[in-house]
Amino acid sequence: MIEQQPGAGIPGSALTALRRQALTLLSEKRGLPHPIPYTPPTLQPPATRTARTPAIYLFVRQIRQLPKNTDAIALAALPLFAPDRDYQAALASGVPIAAKTPPALFGRQQQITKRLQQLQTLGVSAGVAENVGAIPLIRNAGLQVIGGARLNCFNSYTPPALDTDRLILSCELE
């Protein structure tokens, strides 16, 4: 604001020049990029691989799909809400059994957590997470976390970020 003495005047061209100068300075300041703080993540190189025998993970919808000869099966997974009798029969086969969580949780986290805890008391040792939201539910139930193929793990930097004990690569990976 410009204060002036009574009777003093400022030419209109001087006020226009001041406005233009202020507008130019503001435009220059607005044109400068605003710094956004960013700390790049520390990415660990993937661990070197060692030759291993391929493991067969079998997903079955019903216990009758589990083959009689289970020697080559490293893990069999049943749907989370399969009947307890199916889990008990699968556990009796001697194959490590996992509970496969649904691909979408839809606000059923408490129901899923309760079921995982029930299965852990039956002797189920692992849970297959088909959704990143299922990873902490499985871990909190005291089960080993196996990242399912629906997590779409496509590169070597993803597994450490997922915090799983084991990982099933996406079948779309070539």
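This section describes the sheet, the packing of two helices and one pocket in a predicted model.

The sheet is open and consists of six strands, arranged in the order E1-E2-E3-E4-E5-E6 with parallel pairing. Its edges are formed by strand E1 (56–59) and strand E6 (166–167), each of which pairs on one side only. Within the sheet, strand E3 (residues 97–100) is joined to strand E4 (residues 126–129) by three bridges in the parallel sense. In this pairing, Ala-99 lies opposite Gly-127 of E4. Helix H2 (residues 84–92) packs on the sheet, where it touches strand E2 (73–79) and E3. The direction of H2 makes about 150 degrees with that of E3.

Helix H2 also packs against helix H3 (residues 109–122), at an angle of about 35 degrees and with the two axes 11 Å apart. The crossing of H2 and H3 is right-handed. On the H2 side, the contact involves Asp-84, Tyr-87, Gln-88 and Leu-91, while H3 contributes Arg-115, Leu-119 and Leu-122. By class, four residues of this contact are nonpolar, one is polar and two are charged.

The second largest pocket encloses about 180 Å³ of space. Its lining comprises Phe-59, Val-60, Arg-61, Ala-77, Leu-78, Pro-79, Lys-100, Thr-101, Pro-102, Pro-103, Glu-130 and Arg-150. Strand E2 gives the most to this lining, with three residues. Seven of the lining residues are nonpolar, one is polar and four are charged.

Notes: Residues are numbered from 1 along each chain as its sequence is written. This is a predicted model: local features need pLDDT of at least 70, side-chain atom pairs count only at pLDDT 80 or more; totals for chains, interfaces and linings use all residues. Side-chain values use heavy atoms; hydrogens and water are left out. Two strands pair if DSSP finds at least two bridges between them. Helices (H or I, at least four residues) and strands (E, at least two) are DSSP runs, numbered from the N terminus. Contact means heavy atoms within 4.5 Å. Axes are lines fitted to C-alpha atoms, for helices over the stretch in contact, and angles run from 0 to 180 degrees between N-to-C directions. On a 1 Å grid over the protein atoms alone, a cavity is a set of points where a 1.4 Å probe fits but cannot get out, and a pocket is an open set with protein on both sides within 12 Å along at least five of seven lines; lining residues have an atom within 4 Å of a point. Grid points are joined across faces, edges and corners, and a volume is the space filled by probe spheres set on the points. Ala, Val, Leu, Ile, Met, Phe, Trp, Tyr, Cys and Pro count as nonpolar, Asp, Glu, Lys and Arg as charged, and the others, Gly among them, as polar. A crossing is left-handed if the near helix is turned anticlockwise from the far one by less than a right angle, and right-handed if clockwise.
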